[in-house]
Amino acid sequence: MAGRPVPAGQALPGRRWLLPSAVVAELDPDAERAGRGGRPRRTVRDWIVDFGCFLLAVVIGLAAANTLNHDPNTPHGLAVADQWLGALACAAVWLRRRRPLGLAVAMVPVGLVSNTAGGAAMVALFTLAVHRPFKYVGWLAGLSLALIPLFFWLRPDPDLSYAAAVVVTALLTATVVGWGMFVRSKRQLMLSLRDRARRAETEAELRAEQAQRLAREAIAREMHDVLAHRLTLLSVHAGALEFRPDAPREEVARAAGVIRESAHEALQDLREIIGVLRAGDSDDAGRPQPTLGGLDGLVAESRSAGMKVVLDNRVADPAAVPASVGRTAYRIAQEGLTNARKHAPGAEVTVTLRGAPGDGLTVSVHNPAPPGDVPHVPGSGQGLIGLTERATLAGGWLEHGAEKDGGFRVGAWLPWGG
């Protein structure tokens, strides 16, 4: 049976804190939100990353401040103003999730006049690359790269040459932007895979429901044919009584018994048809009206096709099995042999039937692992879905699955009243 999509909040109840809040909001639109704009709450991971970005900006700012303090070409007042701007820029890093574009735009002029704000400017550019499309990142990254030569012309680096400082800073800016775009693409890939998996689950569920609906219609048509046969038989015997009112009492009694039995079976078939139509949408197929007595012919046909089939029929009187139960058992054996022929060619298939009135009828089709390599055979799996539905409609159950030895087994129990 196809699985139903599960919200991310239920699918990852204990791992939500490991994901970014932006990803959690996409995976679970109903997640708890906070803030004026309905923004998702920060997760534990968000707090750790935000603190790490703030700490990185502070460390870079302190390193730049130490360089300024030992630079004889920088006036003391300018160094103090630079450090104040750097401190404010580091504090603004905590706003990077709420205003990534605004923070990145503000850091362009601040980074141009403040050496200690360089770390905060890099963090803001990285955040913009993670949370916004490339058109915004491209413009701001291009502007930042264009201003790098102007910055080092106005504020030469005391330890590096002009060309080396420009090249190193440009490479660092490009690395930060590329890293941010990589993180963004990785998140988008994860979300797209989530959406694709959900679509696949929904489509599989719809296919299963459609197959179930078509199967119920097929079962109803088959029951209609059986019901027409019952009513025709009843009509023939009733007509015989009508045209031969002087028939012997024994013959009249026998005809009346046939009419009574045919009417009873017709009512049973009619109840089954109504049950199928009321049940809604479900699955299986079948056009002829085989009975359990036709199982020998089915096995013989499979053997003539080259299959190794062992029939273990422990039902003393197959003709005593009700027609609807016999049809279902026949279909189960037929589908089991078909699957074994496709997926385990050359393996010996065992078909087992046991049962008695009052105990029910048990049907089992088992095949061991195939003796050699088996080419891939495409299949939708709808046949087993249909068998399950048919057995359920008959009041029984069906189970199927692989065995530990590599084989496959289909087993079912069907009611057989006394």
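The exercises below use the predicted model shown above.

**Exercise 1. Length of a helix**

Work out what span helix 4 should have at 1.5 Å a residue, and compare that with the distance between its end C-alpha atoms.

Solution. Helix 4 covers residues 76-92, which makes 17 residues. The expected span is 1.5 Å times one less than the number of residues. This gives 24 Å for helix 4. The end C-alpha atoms are 24 Å apart, so the two values agree.

**Exercise 2. The two sides of the helix**

Find which residues of helix 4 are buried, and say how they are placed around the helix axis.

Solution. Start with the cut-off: a residue is buried if its relative accessible area is under 20%. In helix 4 this holds for Ala79, Asp82, Gly86, Ala89, Cys90 and Ala92. Next, look down the axis of the helix: the buried residues fall within an arc of 150°, so they line one face. A general rule helps here: an α-helix has 3.6 residues a turn, so residues three or four places apart point the same way.

Then ask what the buried residues touch. They pack against helix 3 (44-69), helix 5 (100-113) and helix 6 (118-131). Finally, turn to the face of helix 4 that points away from the buried side: His76, Trp84 and Leu88 are exposed there.

**Exercise 3. A buried salt bridge**

Describe the salt bridge between Arg96 and Asp50, and state whether each partner is buried or exposed.

Solution. Side chains of opposite charge can pair when their charged atoms come close. In the pair of Arg96 and Asp50, the closest N and O atoms are 2.9 Å apart. Arg96 sits in the loop between helix 4 and helix 5, while Asp50 belongs to helix 3, so this salt bridge links distant parts of the chain, 46 residues apart. To judge burial, compare each relative accessible area with the cut-off of 20%. Arg96 has 3% and is buried; Asp50, also at 3%, counts as buried. The pair does not stand alone: Asp50, Arg96 and Arg97 are linked in a network of salt bridges.

**Exercise 4. A salt bridge between strands**

Locate the partners of the salt bridge between Arg409 and Glu399, and classify their accessibility.

Solution. The side chains meet at 3.6 Å, N to O. Arg409 lies in strand 7 (residues 408-414) and Glu399 in strand 6 (residues 397-402), so the pair ties together parts ten residues apart in sequence. Arg409 has a relative accessibility of 28% and counts as partly exposed. Glu399, at 43%, is partly exposed.

How values were computed
Residues numbered from 1 in each chain as written. Predicted model: local features only at pLDDT ≥ 70, side-chain atom pairs only at ≥ 80, totals over all residues. Heavy atoms only, no water. Helix = DSSP H or I, 4+ residues; strand = E, 2+ residues; numbered from the N terminus. Buried < 20%, exposed > 50% of the residue type's maximum accessible area, 1.4 Å probe, protein only. Arc of directions from axis to C-beta. Contact = heavy atoms within 4.5 Å. Salt bridge = Lys/Arg side-chain N within 4 Å of Asp/Glu carboxyl O.
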